[in-house]
Amino acid sequence: MNKTELAREIMQTSRLTGEFKLRSGKTSNHYFDKYLFESNPVLLAAIAEQLAPLVPEGTEVLAGLEMGGIPIATALSLKTGIPVVFVRKRAKEYGTSKLAEGIDITGKKVCIIEDVITTGGQVLLSAADLLNHDAELKEVLCVIENEKAGRANLEEAEFEVRSLFKMEELLAAVEESV
């Protein structure tokens, strides 16, 4: 599946119509349900295929952020052979009490993997936690940049952002197919 076909498939799978209450409290007649493309094995494999060349050279660990970054990072790990860790929003308070589940990230070059970046807020919070665990962080890789503010906020914090799609590209791919 080429990139344009993948864009169309993501939108056809994830863009819903109806009446939806948004996080802001407003109501919309459209909703983008990212979990629909993330739970589709065909789309997930195609996403990993397209994202693999974007993984920064020398990356030792892929860090999938809870919850949406985890399936993306797992698929990418299977495609690239790079180990993956699963990053919680906060460390669990029992068992190993880990923030990042999986291999040790101490001193390793880690690339943060996220599904959709809107403001970059969760990436920045998780990055701070990973840095406290002595990971080397410079890059963030996502499937979709939803708003320009996310890239700006991450770049201001000195992260390099690589994305497969910007939301405008997804919308344009749908319009082209109509």
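Where in the protein is the place of Met67? In this predicted model, Met67 sits in the loop that runs between β3 and α4, and the peptide bond that joins Glu66 to Met67 is cis, with an omega of about 0°. Before the surroundings of this loop are described, the overall form of the chain is considered.

The secondary structure of the protein comes to seven helices and eight strands. The C-alpha trace spans about 50 × 35 × 35 Å along its principal axes. For a chain of 178 residues, a compact globule would be expected to have a radius of gyration near 16 Å, and the value computed for the protein, 16 Å, agrees with that expectation. Of the 178 residues, 40% are buried, and when contacts between residues at least 6 apart in sequence are considered, 58% of them join residues at least 24 apart. The protein exposes about 9500 Å², of which carbon and sulfur atoms supply 50%. With regard to charge, the protein carries 20 positive and 28 negative charges, and the mean positions of these two groups are 3 Å apart.

Helix α4, which follows the loop that holds Met67, covers residues 69–80 and has twelve residues. From its first C-alpha to its last, α4 reaches 16 Å, which is close to the 16 Å expected at 1.5 Å a residue. The buried residues of this helix are Gly69, Ile72, Ala73, Ala75, Leu76 and Ser77. An α-helix has 3.6 residues a turn, so residues three or four places apart point the same way. The cover over the buried residues of α4 includes the helices α2 (34–38) and α3 (41–51), together with the strands β3 (61–65), β4 (84–87), β6 (109–117) and β7 (136–145). Just after α4, Gly81 takes a positive phi of about 80°.

A further helix, α5 (residues 121–132), contains Ser126. This serine has a relative accessibility of 2%, and it therefore counts as buried, since the cut-off for a buried residue is under 20%. When residues up to four places away in sequence are not counted, Ser126 touches Leu65 and Val87. Leu65 belongs to β3 (61–65) and Val87 to β4 (84–87), two of the strands that are also included in the cover of α4.

The loop between β5 (100–102) and β6 holds Thr106, which counts as partly exposed because its relative accessibility is 43%. Thr106 and Leu131 are 25 residues apart in sequence, yet their C-alpha atoms are 9.1 Å apart in space. Leaving aside neighbours within four places in sequence, Thr106 is in contact with His133 and Asp134. Asp134 is itself found in a loop, the one between α5 and β7, and this residue has a positive phi of about 65° although it is not a glycine.

A positive phi in a residue other than glycine is also found at Glu158, where the angle is near 70°. Glu158 has its place in the loop between α6 (148–156) and β8 (160–166), and with a relative accessibility of 71% this residue counts as exposed.

Note on methods
Residues are numbered from 1 along each chain as its sequence is written. This is a predicted model: local features need pLDDT of at least 70, side-chain atom pairs count only at pLDDT 80 or more; totals for chains, interfaces and linings use all residues. Side-chain values use heavy atoms; hydrogens and water are left out. Helices (H or I, at least four residues) and strands (E, at least two) are DSSP runs, numbered from the N terminus. The radius of gyration is taken over C-alpha atoms; the globule rule is 2.2 Å times the number of residues to the power 0.38. Buried means under 20% relative accessible area, exposed over 50%, partly exposed in between (1.4 Å probe, protein chains only). Contact means heavy atoms within 4.5 Å. Accessible areas come from the Shrake-Rupley method with a 1.4 Å probe; for residues, only the protein chains shown count as cover. Lys and Arg count as positive and Asp and Glu as negative; His and the chain ends are not counted. The place of a charge is taken as NZ of Lys, CZ of Arg, CG of Asp or CD of Glu. The expected span of a helix is 1.5 Å times one less than its number of residues.
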